[in-house]
Amino acid sequence: MKHLALIPGDGIGKEVTEVGMDIIDAISEISSFKYDAELFDIGSERYLRSGELITEEDFDDLGKKDAIYFGAIGDPRVRPGVLEKGILLNMRSRFDQYINLRPVTSWHPFVPLKKHFDFDICFLRENTEDFYMGAGGTFSNGKDATVNIKRRLYDLRVDIHTESSSDDVFAFELGMLSRKGVERFADHAFMTAVKRNEKKITLVDKANVCTSIYGMQREIFSGKAEEYGIELECMYVDAMAMAMVVRPHTFGTVAVPNLFGDILTDLGAQLQGGLGMGASGNINPTGVSMFEPIHGSAPDIAGQGKANPIAAVLAAKMMLDHLGHEDMGTMIQDAVRRCLDDGKYTADLGGKLTTRQMGAEIRKEILGAKR
Ligand code: ATP
């Protein structure tokens with residue numbers, strides 16, 4: 001028996017997770033997968049009602065679950081960033097979900113590339129370090145030089161700006177990787193490649209420019225490559241962006257640091273057919289992981305039955321995979337494939353189905369496949 005937390009959140013998050021839960025329900029009808037799900041009232045409505053984002057009690061309860069199934073948050077009535085930082089980023093950091101897992105699959109005919117490539121890329125984006133640590137600030141020349149790092153940064157810039165005067169203002173953002181952080185990320189990446197029966201993994205960086213952080217990352221990944229007996233391919237992020245468009249079928253497991261991962265996975269989302277098709281997992285391999293569609297709350301279409309629920313359904317698939325029910329995950333993926341092949345899809349993909357109708361079709365495929 002698995003214990004799930006359900007956080008539908010805001011906007012279309014509610015509609016698409018309703019479909020996702022229906023699919024999980026169908027799976028439990030026909031398999032040994034048994035679960036219970038506790039609904040958590042977390043999102044804009046509660047925030048606007050009570051000022052609460054997520055409480056210690058919520059964290060305690062969520063921490064006892066096997067996995068969290070999440071819809072989306074975001075509301076035009078709330079200042080941008082409040083819900084995202086206060087809920088989503090807070091949960092990722094509290095549960096130390098240090099890997100963002102994003103499959104990029106060729107969902108034909110929605111792949112916007114001229115050539116027909118079949119691809120199945122597993123992006124692993126490091127989720128806690130690099131340039132997204134929030135280690136930044138501003139300082140003025142000479143006035144606030146009490147901290148060594150500021151002095152050093154200033155000196156570095158002065159090499160370039162020889163004309164700088166004493167009232168110049170500088171802004172900086174630090175990117176940092178820790179040996180431990182890279183090691184645990186690399187271990188998970190190589191274990192993923194082993195699980196996927198791959199002989200090669202790709203590491204994306206910019207080690208020719210940011211030599212310190214990505215140099216260390218390469219060194220650690222090289223050591224792990226020998227340990228796991230898997231070939232390591234290193235790609236600069238600019239070359240990787242091009243390669244994803246001209247030869248996506250040549251990639252399997254791809255490990256990428258936080259900032260570049262943010263950008264490349266959005267490129268990946270479009271390659272596979274758009275926001276309505278992209279699912280993701282925020283993974284702590286030994287803790288509580290969270291699964292969600294990559295799209296947001298889409299207030300423009302919320303409550304109209306227009307949302308494509310496939311991203312949320314594929315997030316449910318990833319959750320089942322993570323909980324050790326890969327065969328059931330595959331069943332969901334196959335059911336989605338058959339629906340698309342039969343021309344059954346929502347308006348964002350050029351189809352006619354509503355959110356619920358799409359869910360009902362996937363459900364029918366799952367139940368039918370068992371018979
Ligand atoms: P948020 O502020 O919560 O991120 P947003 O509207 O800014 O919401 P998204 O929800 O990620 O950003 O998506 C942008 C647009 O893409 C939406 O306004 C919507 O029109 C479309 N869209 C997103 N997800 C879906 C979906 N599942 N099905 C159909 N259209 C979608």
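1. Helix 4, residues 82–94, lies across four strands of this predicted model. These are strand 1 (2–9), strand 3 (67–72), strand 11 (279–283) and strand 12 (289–293). The angle between helix 4 and strand 12 is about 145 degrees.

2. The strands that helix 4 crosses belong to an open sheet of ten strands with mixed pairing. The order across the sheet is 2-1-3-12-11-4-5-10-8-9. Strands of a sheet pair through backbone hydrogen bonds, in either a parallel or an antiparallel manner.

3. Which strands stand at the edges of the sheet? They are strand 2 (35–39) and strand 9 (231–236). Each has a single partner strand, so one side of each is left without a neighbour in the sheet. From one strand to the next, the twist averages 25 degrees.

4. At the strand 9 edge, the partner is strand 8 (residues 200–205). Strands 8 and 9 run parallel and are joined by six bridges. Within this pair, Ile 201 stands opposite Leu 232 of strand 9.

5. Helix 8, residues 237–246, lies across strand 8 and strand 9 as well as strand 5 (120–126) and strand 10 (253–256). Helix 8 runs at about 100 degrees to strand 9.

6. The ligand has 15 residues around it. Those that come nearest are Gly 296, Ser 297, Ala 298, Asp 300 and Asn 308. By class, the shell consists of seven nonpolar, six polar and two charged residues.

7. Three of the nearest residues can be described by their distances to ligand atoms. A backbone N or O atom of Gly 296 is 2.7 Å from a ligand oxygen. For Asp 300, an N or O atom of the side chain lies 2.6 Å from an oxygen atom of the ligand. At Asn 308, a polar backbone atom is 2.8 Å from a ligand nitrogen. On its own the ligand has 590 Å² of accessible area, and the protein covers 66% of that.

8. Two loop residues deserve a look at the backbone. Pro 109 lies in the loop between strand 4 (99–105) and strand 5. The peptide bond leading from His 108 to Pro 109 is cis, with omega near 5 degrees.

9. The other is Asp 130, in the loop between strand 5 and strand 6 (136–140). What is the sign of phi at Asp 130? Phi is positive, near 65 degrees, in a residue other than glycine.

Key: Residues are numbered from 1 along each chain as its sequence is written. This is a predicted model: local features need pLDDT of at least 70, side-chain atom pairs count only at pLDDT 80 or more; totals for chains, interfaces and linings use all residues. Side-chain values use heavy atoms; hydrogens and water are left out. Two strands pair if DSSP finds at least two bridges between them. Axes are lines fitted to C-alpha atoms, for helices over the stretch in contact, and angles run from 0 to 180 degrees between N-to-C directions. Contact means heavy atoms within 4.5 Å. A residue is near a molecule or strand if one of its heavy atoms lies within 4 Å of it. A polar contact is a pair of N or O atoms within 3.5 Å; within protein, one must be able to donate a hydrogen and the other to accept it, and residues adjacent in sequence count only if both atoms are side-chain atoms. Accessible areas come from the Shrake-Rupley method with a 1.4 Å probe; for residues, only the protein chains shown count as cover. Ala, Val, Leu, Ile, Met, Phe, Trp, Tyr, Cys and Pro count as nonpolar, Asp, Glu, Lys and Arg as charged, and the others, Gly among them, as polar.
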